[in-house]
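Trainee: I've got some time now, so please pull up the model and let's talk it through.

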Amino acid sequence: MARRTITQWRWMLNQYMSQGGLCATCHTLMMLVFCIKSIKVKDKRRATIDHILPRSRGGTDAYVNLRLICAACNNEILSEQINKQIPGANAFISQMERDR
């Protein structure tokens with residue numbers, strides 16, 4: 001993940017507060033994590049930035065096209081997008097994870 005600027009962190013904090021700390025998709029309480037470089041947080045409740053209209057479909061990085069959602073919802077949305085582009089991809093990935 002690329003380093004965030006102070007402006008981006010400020011936007012995330014303001015957006016987090018305006019959403020009441022809730023995921024824009026599932027409305028569960030999220031954690032806003034300001035990570036130290038060496039710490040990796042993989043909690044499903046971690047707040048992540050989501051493009052409302054994906055960049056792959058012409059969306060921009062403008063703040064009006066961004067929202068905060070939990071990591072679990074972000075992963076679910078990503079899985080749906082991958083499955084639309086490559087039918088059966090999610091089943092293949094799930095099978096590979098089970099075989100590990």
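Trainee: Is Cys70 buried or exposed?
Mentor: Cys70 counts as buried, because its relative accessibility is 3% (buried means under 20% relative accessible area, exposed over 50%, partly exposed in between, with a 1.4 Å probe and protein chains only). Keep in mind that this is a predicted model, where local features need pLDDT of at least 70 and side-chain atom pairs count only at pLDDT 80 or more, while totals for chains, interfaces and linings use all residues. Residues are numbered from 1 along each chain as its sequence is written, and side-chain values use heavy atoms, with hydrogens and water left out.

Trainee: How many disulfides are there?
Mentor: Zero, taking a disulfide as a pair of cysteine sulfur atoms within 2.5 Å. Cys70 is in no disulfide, and the nearest cysteine sulfur to it, that of Cys73, is 3.5 Å away.

Trainee: Why no bond for Cys73, then?
Mentor: The closest cysteine sulfur to that of Cys73 belongs to Cys70, and 3.5 Å is too far for a bond.

Trainee: Where is Cys73, and is it buried or exposed?
Mentor: Cys73 is in helix H2, which covers residues 71-85 (helices are DSSP runs of H or I with at least four residues, strands are runs of E with at least two, and both are numbered from the N terminus). Its relative accessible area is 9%, so Cys73 is buried.

Trainee: Which residues does Cys73 touch, leaving aside its neighbours within four places in sequence?
Mentor: Cys23, Thr25 and Cys26 are in contact with Cys73 once those neighbours are left aside (contact means heavy atoms within 4.5 Å). On the same basis, leaving out neighbours within four places, Cys23 is in contact with Thr28, Met30, Leu68, Ile69, Cys70 and Cys73.

Trainee: Which residues make up the largest nonpolar core?
Mentor: There are 12 of them: Trp11, Met12, Tyr16, Cys23, Met30, Leu32, Ala47, Leu66, Leu68, Ile69, Cys70 and Cys73. A nonpolar core here is a set of buried Ala, Val, Leu, Ile, Met, Phe, Trp, Tyr and Cys residues joined through side-chain atoms within 4.5 Å.

Trainee: Which elements give two or more residues to this core?
Mentor: H1 and E2 do. E2 provides the largest share, with four residues.

Trainee: Changing topic: how many aromatic pairs does the structure hold?
Mentor: One. The centres of the Trp11 and Tyr63 rings are 5.4 Å apart and the planes are at 15°, so the pair is stacked. The rule covers rings of Phe, Tyr and Trp (its six-membered ring) with centres within 6.5 Å; planes under 30 degrees apart count as stacked, over 60 as edge-to-face and the rest as tilted.

Trainee: Which parts of the chain does that pair link?
Mentor: Distant ones: Trp11 is in helix H1 (residues 6-18), and Tyr63 is in the loop between strand E1 (47-51) and strand E2 (66-70), 52 residues apart. Trp11 counts as buried because its relative accessibility is 12%. Tyr63, at 38% relative accessibility, therefore counts as partly exposed.

Trainee: And how many salt bridges do you count?
Mentor: Two, a salt bridge being a side-chain nitrogen of Lys or Arg within 4 Å of a carboxyl oxygen of Asp or Glu. Asp50 and Arg67 form one, at 2.8 Å from N to O. That pair also links distant parts of the chain, with Asp50 in strand E1 and Arg67 in strand E2, 17 residues apart. Asp50 is buried at 8% relative accessibility, whereas Arg67 is partly exposed at 23%.

Trainee: What about Asp61?
Mentor: Asp61 forms a salt bridge with Arg55, and their closest N and O atoms are 3.6 Å apart. Asp61 is partly exposed, with a relative accessible area of 46%, and Arg55 counts as exposed at 54%.

Trainee: Where does Asn65 lie, and what does it touch beyond its neighbours within four places in sequence?
Mentor: Asn65 lies in the loop between E1 and E2 and is buried, with a relative accessible area of 9%. Outside those neighbours, Asn65 is in contact with Asp50, His51, Ile52, Leu53, Gly59 and Thr60.

Trainee: Last one: what's the overall pattern along the sequence?
Mentor: The protein chain reads α-β-β-α-α, with three helices and two strands. Of its 100 residues, 22% count as buried.
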